[in-house]
Amino acid sequence: MRFVDEFRDPAAARILLERVAELAAGQPHRRLMEVCGGHTHAIYRHGLEQLLPENVELIHGPGCPVCVIPMGRVDDAIAVAETPGVIFTTFGDMLRVPGSASTLLEAKAKGADVRMVYSPLDALDLAQRNPEREVVFFAVGFETTAPSTALTLQHAKRHHVTNFSVFSNHVTIVPPIKAILDSPGHRLDGFLGPGHVSTVIGTRPYRFVPERYGLPFVVAGFEPVDILQSIVMLLAQLAEGRHEVENQYRRVVPDDGNRVALTALEDVFELRPHFEWRGLGFIAQSALRLRDTYRSFDAEDRFTVPGIRVADPKACQCGEVLKGAIRPWECKVFGTACTPQTPIGTCMVSSEGACAAFYNYGRLQLTAKPR
Amino acid sequence: MTLAHGAGGQSSAALFDAVFAPAFANAWLDRHEDGAVLDVPAGYRLVVSTDSFVVKPRRFPGGSIGHLAVHGTVNDLAVMGAQPRWLTAAFVLEEGLAIDELSAIVADMAEAATSAGVSIVAGDTKVVERGAADGMYITTTGIGVRSLDVHLGADQVQPGDRVVVSGPIGDHGVAILMARGDLQLTGDIRSDSASVYPQAAALLAAVPDTRWLRDPTRGGLASALNELVRECGLGVWLDEPTLPVNPVVAGACELLGLDPLYIANEGKLVAIVPHDQAEAARAALGPAARVVGEVAPEPEGMVVLRTTIGGTRIVDLLVGDPLPRIC
């Protein structure tokens, strides 16, 4: 595969691993957080973690869109999906996420018309082909997926589609990073910044990390060589006492982001005053809702949703995992009560979730690692 | 199709005479009896397997549900070390299905059966009301004969044995995904639907000590090997760089966040063979075959992948269908 294989080149990886080892040798224990679930997935899928020196630890951050959706919102989604006449559309990995009583997959089995789509445009297309039905799109994700929802809504408005609406759960990446940095005892030494989100928002929004918190931040690509190079860049900053925002993923990420996408976001969405994050609690101005000019497309306006806040299950420590306070296997229910078959927390559902990624790909290391 | 075609009266007989009898014609079927009487050659035992086929779309690049209904069952017999000989076929048809489409699928089955060397010796047709079935379901039962001296099984597998696959993985699953059309992905990839009996027979002739054979269908190579390690209690180590994957399959999986190890095949074999006969096995399976890994005492009951960049990861059983990731 062109443009992929080059970044999985074992020879390049070896050189970077040597460089990581050299840089790490003179340093104390370093905890680097990869913000994005795509990185978590790649790290486990390629088995990167166990190739790193012992004093370089990767902490899996909050950037898994599925993992941060609170149970109450899943309940709301199921309530909309079960409304007669509704075709409820969602990305595949939301299907198995547990609400307080069931999942969308279970709702589908009981008769709700739940369909998997690959893009919000597919959902809009369904609406246009089924004018007698109400089609709802379960919008999930960071600034990576939000522009496609925005463009779809612009299109729907232009074409006067009246049977299409969006249940927006879009969130933004900067507030949870701030929340983690403000939480006491976070122990982080630097960030591997989210690559896909940054294609949209650019690298400037992260400047507060070095400026206010004195930590290095490297926007990273998703292939093994990208991730290793980004770790080298972080360790080099730490070794030299620098803290800056650097961009390893230049082939995709412009420092100013994507103007067209940002304009579409601005046109369609506004910040919610606050939004609940699974495990992290309420974070101010961290999520997007439809502006008044798009009110008629807002599923929260169009349907009655319970809107009831559901406390995370007591046994589940997703929040601590998302903040990097504990590693997945340190959670009391990891691998026993909570497995991909019967997930308790969302981190165990998505393959980008820290727990599922570790369970599926990484738990071989447990035999070697002290629990 | 109407409900009358399944009612057992004149319409049923007419359907049999018009569609099934000419396509499947053989000495057993032509007798119009309630069952087929089969002769078992001396020195052989019978091997029986059954499978149901539902697929959307029913026709896709490289085959149709008709091809699958023959190859799927024939391949289950072949990996048992049997020579597939006879099939029975049961059809559940939805009211309203075009007879032309049924005839075309039946012709595919006849073609697949002829090239696989099996006769379709008995069958049944039921018609259900519109909406009660998705067009057409086919169940086939296969009967094969196996020589008394074939000893395949997970209990034969030993540490040090090698894992050989007969060709590129994931073609069938990706061809189906693309043929469904809802991904708006196109690529030049065809289902690998085929009988693996010739390859299985060649392998068993070249390497009589072959320990274990499977056709990695649903769940892909990963699931087949997980079933093996759970059965034999040993570990399997795969080497990622050696896994044969067509570029179109690799590209589609990359885009969708899927893993070719879990994608279905319908014409591939995976074999466990003694380490000193891995080359012979590879040669017997043909030019696309590869040695992709080995059996080890540890980790017990697990499949592990050595990744291209030198890491390792577990290759576990999937919980459900592979789901594409959000971003």
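## Two chains, from a helix pair to a sheet

Helix α2(B) passes α3(B) in a right-handed crossing. That is a good place to start looking at this predicted model. Packed helices are described by the angle between their axes and the distance between the axes. For α2 (residues 65-78) and α3 (residues 99-116) of chain B, the angle is about 35 degrees and the axes are 7 Å apart. If you would like to find the contact on screen, α2(B) brings B:I65, B:G66, B:H67, B:A69, B:V70, B:H71 and B:V74. From α3(B) come B:I105, B:V106, B:D108, B:M109, B:A112, B:A113 and B:A116. By class, this contact has 10 nonpolar, three polar and one charged residues.

Now let us turn to where the chains meet. Chain B gives 23 residues to the contact and chain A gives 36 residues. On the side of chain B that touches chain A, the elements giving two or more residues are α7 (247-256) and β13 (312-314) of chain B. The largest share of that side, four residues, comes from α7(B). By class, the side of chain B that touches chain A has 12 nonpolar, six polar and five charged residues.

Strand β13 of chain B turns up again at helix α14 of chain A, where it is part of what covers the buried residues, together with α2 (37-45), β2 (56-63) and α13 (318-322) of chain A. How many residues of α14(A) are buried? Nine of the nine residues in this helix, which spans residues 354-362, are buried. Among them are A:C355, A:F358, A:Y359 and A:Y361.

Chain A as a whole has 14 helices and 13 strands. Its radius of gyration is 21 Å, close to the 21 Å that the globule rule gives for 371 residues, so chain A is as compact as a globular protein of that length. The C-alpha atoms of chain A fill a box of roughly 65 × 45 × 40 Å along the principal axes. Of its 371 residues, 55% count as buried. Among contacts in chain A with a separation of 6 or more, 76% come from residues 24 or more positions apart.

Within chain A, four strands form an open sheet with parallel pairing, in the order β4-β3-β5-β6. Strands β4 and β6 (164-170) stand at the edges with a single partner strand each, so one side of each has no neighbour in the sheet. From one strand to the next, the twist averages 20 degrees. Four bridges join β3 (residues 86-90) to β5 (residues 134-141) of chain A, and A:I87 has A:V135 as its bridge partner in β5(A). Two helices that pack on this sheet are set out here.

| Helix of chain A | Strands of chain A touched | Angle between directions |
|---|---|---|
| α3 (residues 71-81) | β3, β4, β5 and β6 | about 140 degrees with β3(A) |
| α5 (residues 120-129) | β3, β5 and β6 | about 175 degrees with β5(A) |

One residue of the sheet deserves a closer look: A:D113, which lies in β4 (residues 113-116) of chain A. Leaving aside neighbours within four places in sequence, A:D113 is in contact with A:V86, A:I87 and A:F88. Why does A:D113 count as partly exposed? Because A:D113 has 18 C-beta neighbours inside 10 Å, whereas a buried residue needs 20 or more and an exposed one has 12 or fewer. Measuring from C-alpha to C-alpha, A:D113 and A:A42 are 33 Å apart in space and 71 residues apart in sequence.

Methods. Residues numbered from 1 in each chain as written. Chains lettered and ligands numbered in written order. Predicted model: local features only at pLDDT ≥ 70, side-chain atom pairs only at ≥ 80, totals over all residues. Contact = placed C-beta atoms within 7 Å. Nonpolar A, V, L, I, M, F, W, Y, C, P; charged D, E, K, R; others polar. Axes fitted to C-alpha atoms, helices over the stretch in contact; angles between N-to-C directions. Left-handed = near helix turned anticlockwise from the far one by under 90°. Pairing = 2+ DSSP bridges. Rg over C-alpha atoms; globule rule 2.2 N^0.38 Å.
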